[in-house]
Amino acid sequence: MFSLSLLLLCVPLVSSMPRMHKHHVRAVDTTPFSGQFDSVNVGQYTVLNNLWGEHDAASGSQTTQITSMEGGTIAWKTNWTWTGGNQVKSFANIQLNTGINQQLSAISNMPSTWHWSQSNTGVVVADVAYDLFTSDTAGGSNVNEIMIWLANVNSGPISAQYNATGQAVPILKKIPIEGYTWNLYSGSNGYNQVYSFLLTSGTVKSFKGDIYPFLSYLIDNEGMSSSQYLTTAQAGTEATSGTAKFTTSAYSLTIN
């Protein structure tokens with residue numbers, strides 16, 4: 001009788017102990033891929049090589065690879081070498097596939113973490129950026145492209161106006177968003193409107209914040225309709241020329 005009573009007393013103590021939540025390490029395909037439009041799906045993401053502008057290169061190649069995924073956080077890398085031409089050759093990136101095709105008015109926040117590094121050989125022209133697209137309908141044709149540049153390596157954004165030295169002229173300066181200060185550029189790529197937020201100085205290699213305020217800024221200040229649908233949410237590196245090794249050690253994005 002004594003032993004049974006002791007057991008019953010212990011049960012609540014055991015059940016009230018905090019449970020340890022472990023992040024699930026997912027088995028992923030870590031095979032490198034180099035084809036122009038090769039991609040690999042893993043969880044809620046797709047990693048794309050996306051050598052969309054390689055026809056403009058005199059020579060070059062690019063290889064992309066997933067390295068790991070734990071919970072909703074993924075790691076991946078890409079190595080590239082491009083010569084010739086002044087246009088972007090590739091946009092190796094990670095694309096979120098869940099939560100998209102919602103109207104902007106239905107989105108509350110888009111928390112993201114991105115830790116990355118890049119080693120360059122010689123002169124490199126590239127950028128590191130989030131790349132978002134909106135449309136008038138779910139899954140429809142692109143109307144707006146919104147880029148958030150975390151690094152500008154001898155490159156520059158699309159702009160409707162350039163100064164005498166060929167540098168893009170921002171439409172707005174010193175915009176505070178998510179703890180950093182940005183200049184906003186606007187122009188057309190021939191297909192849709194492009195808004196580009198560039199840091200006023202420096203580079204952000206460890207970003208942790210909400211990227212939805214960039215969209216809400218355009219809604220509040222640039223007339224972008226909140227009835228637009230967010231159709232694409234990507235993050236990666238646009239490569240124009242040179243040789244570089246780009247590594248993302250941790251990336252996550254959620255649309256709420």
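Throughout these exercises, buried means under 20% relative accessible area, exposed means over 50%, and partly exposed lies in between, with a 1.4 Å probe and protein chains only. The model is predicted, so local features need pLDDT of at least 70 and side-chain atom pairs count only at pLDDT 80 or more, while totals for chains, interfaces and linings use all residues. Residues are numbered from 1 along each chain as its sequence is written, and side-chain values use heavy atoms, with hydrogens and water left out.

**Exercise 1.** Describe the ring pair of Y180 and W182, and state the burial of each residue.

*Solution.* Rings of Phe, Tyr and Trp (its six-membered ring) pair if their centres lie within 6.5 Å, and planes under 30 degrees apart count as stacked, over 60 as edge-to-face and the rest as tilted. The centres of the Y180 and W182 rings are 6.3 Å apart and their planes stand at 75°, so the pair is edge-to-face. As to burial, W182 has 0% relative accessibility and counts as buried, whereas Y180, at 29%, is partly exposed.

**Exercise 2.** Place the pair of Y130 and F207 in the chain and in the set of aromatic contacts.

*Solution.* The whole structure holds twelve aromatic pairs. In one of them, Y130 and F207 meet edge-to-face, with 5.8 Å from centre to centre and 70° between the planes. Strands here are DSSP runs (E, at least two residues), numbered from the N terminus. Y130 belongs to strand 7 and F207 to strand 12 (residues 206-210), so that the pair links distant parts of the chain, 77 residues apart. Y130 is buried at 1% relative accessible area, and F207 is buried at 2%. Ring pairs join both residues into a cluster whose members include W114, F197 and Y251.

**Exercise 3.** Characterise the second largest pocket by volume, lining and contributing strands.

*Solution.* A pocket is an open set of points on a 1 Å grid over the protein atoms alone, where a 1.4 Å probe fits and protein lies on both sides within 12 Å along at least five of seven lines; lining residues have an atom within 4 Å of a point. The volume, meaning the space filled by probe spheres set on the points, is about 320 Å³ for the second largest pocket. Its lining comprises 18 residues, with N152, S155, P157, Y185 and L198 nearest the centre. Strand 8, strand 10 (180-188) and strand 11 each give at least two lining residues, and strand 8 gives the most, with three.

Technical notes:
Helices (H or I, at least four residues) and strands (E, at least two) are DSSP runs, numbered from the N terminus.
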